[in-house]
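Trainee: I would like to take a close look at a single part of this protein, namely its open sheet and what surrounds that sheet. Could you please guide me through it in one connected account?

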Amino acid sequence: TKISICRNPYDLLTSYYFHDSRDGGLDEKSHYVPEYMGYSGPPGWDSINVMHGIRSFDGFIKRYCDPTFRWYHSLRQKNLFVQMYVYSGECEVDFIIRQERLFEGVKTFLTMAGYCQEKALDPYKGKINISKRKKKDYRHYYTDELRELVAMKCARELNDFGYDFDGPIDTSAFINPETISNYQR
């Protein structure tokens, strides 16, 4: 059984930009930590901001959404959820849980699969991982221009996975993988 988690593209891109492995992921001597370059600001996931010389969220979104810009993570630039697809372009996961409804989705899945009784997960309800670097809601970082750029660039992901700028467009914890359109690499 293959399970994946999806997330609102606007929120995911915010984390992609603000990711900082120095928050506990890697030690200070790791080659991924860019202090030696005199870089200030978040390095981004896999040091993407450092690689591209990106120094602002505005610059990150504009470059990510620019189809002529050669992005280091080229497959992720084509589709934020590329990991859910096999080479032929078909979505190959059995269950997709929305991060915004992760507790509910995991509880439903584990109960349905017979791995636990419904009340077994109740002590974990409300426990969430909060980034040290992103204190504000992702919507705070977007201007109207940036919001529109992402809406155009990620139209497919927004449609297939049921999101808009404010979050999921319905209350379901799950996305039906059979409704996801094929992705061409």
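Mentor: The open sheet in this predicted model has 3 strands in the order 1-2-5, and its pairing is mixed. Strand 1 and strand 5 (174-175) are the edge strands, each pairing on one side only. In general, strands of a sheet pair through backbone hydrogen bonds, and they do so in either a parallel or an antiparallel way.

Let us begin with one of the edges. Strand 1 covers residues 3-6, and 4 bridges join it to strand 2 (residues 95-98), the two running parallel. Two of the partners can be named: I3 has F95 as its bridge partner in strand 2, while S4 has I96. Which residues of strand 1 are on its covered face, and which are on the uncovered one? S4 and C6 belong to the covered face, whereas I3 and I5 belong to the uncovered face. This arrangement can be read against a general rule: in a regular strand the side chains alternate between the two faces of the sheet.

What packs on this sheet? Helix 5 (residues 102-112) does, touching strand 1, strand 2 and strand 5. The direction of helix 5 makes about 145 degrees with that of strand 2. The buried residues of helix 5 are G105, K107 and F109, and these buried residues pack against strand 1, strand 2 and strand 5. Just after helix 5 comes G114, which takes a positive phi of about 80 degrees.

Strand 2 also leads us to a charged side chain. R98 lies in strand 2, which covers residues 95-98, and the charged end of R98 sits over the ring of Y163, 5.3 Å from its centre. A second arrangement of this kind involves R76, whose charged end sits over the ring of W45 at 5.0 Å from the centre.

Rings also meet one another in this protein, and a search of the whole structure finds 24 aromatic pairs. One of them is formed by F18 and F57, which are stacked, with 6.2 Å from centre to centre and 20 degrees between the planes. This pair links distant parts of the chain, since F18 lies in helix 1 (residues 9-18) and F57 in helix 3 (residues 57-65), 39 residues apart. Are these two rings buried or exposed? F18 counts as buried because its relative accessibility is 13%, and F57 counts as buried because its value is 7%. Y64 and W71 form an edge-to-face pair instead, with 5.5 Å between the centres and 85 degrees between the planes. Y64 is buried, with a relative accessible area of 0%, and W71 also counts as buried, at 2% relative accessibility.

Finally, the sheet should be placed within the whole chain. The protein has 7 helices and 5 strands, which follow the pattern β-α-α-α-α-β-α-α-α-β-β-β along the sequence. Of its 185 residues, 41% count as buried. Among the contacts with a separation of 6 or more, 68% are between residues 24 or more positions apart. As for confidence, the average pLDDT is 84, and 79% of the residues score at least 70. Over residues 24-34, however, the pLDDT is below 50, and this stretch has 13 contacts in the model beyond near neighbours in sequence.

How values were computed:
Residues numbered from 1 in each chain as written. Heavy atoms only, no water. Buried < 20%, exposed > 50% of the residue type's maximum accessible area, 1.4 Å probe, protein only. Pairing = 2+ DSSP bridges. pLDDT = per-residue confidence, 0-100. Contact = heavy atoms within 4.5 Å. Phe/Tyr/Trp six-rings, centres within 6.5 Å; stacked < 30°, edge-to-face > 60°. Lys NZ or Arg CZ within 6 Å of the ring centre and 35° of its normal. Axes fitted to C-alpha atoms, helices over the stretch in contact; angles between N-to-C directions.
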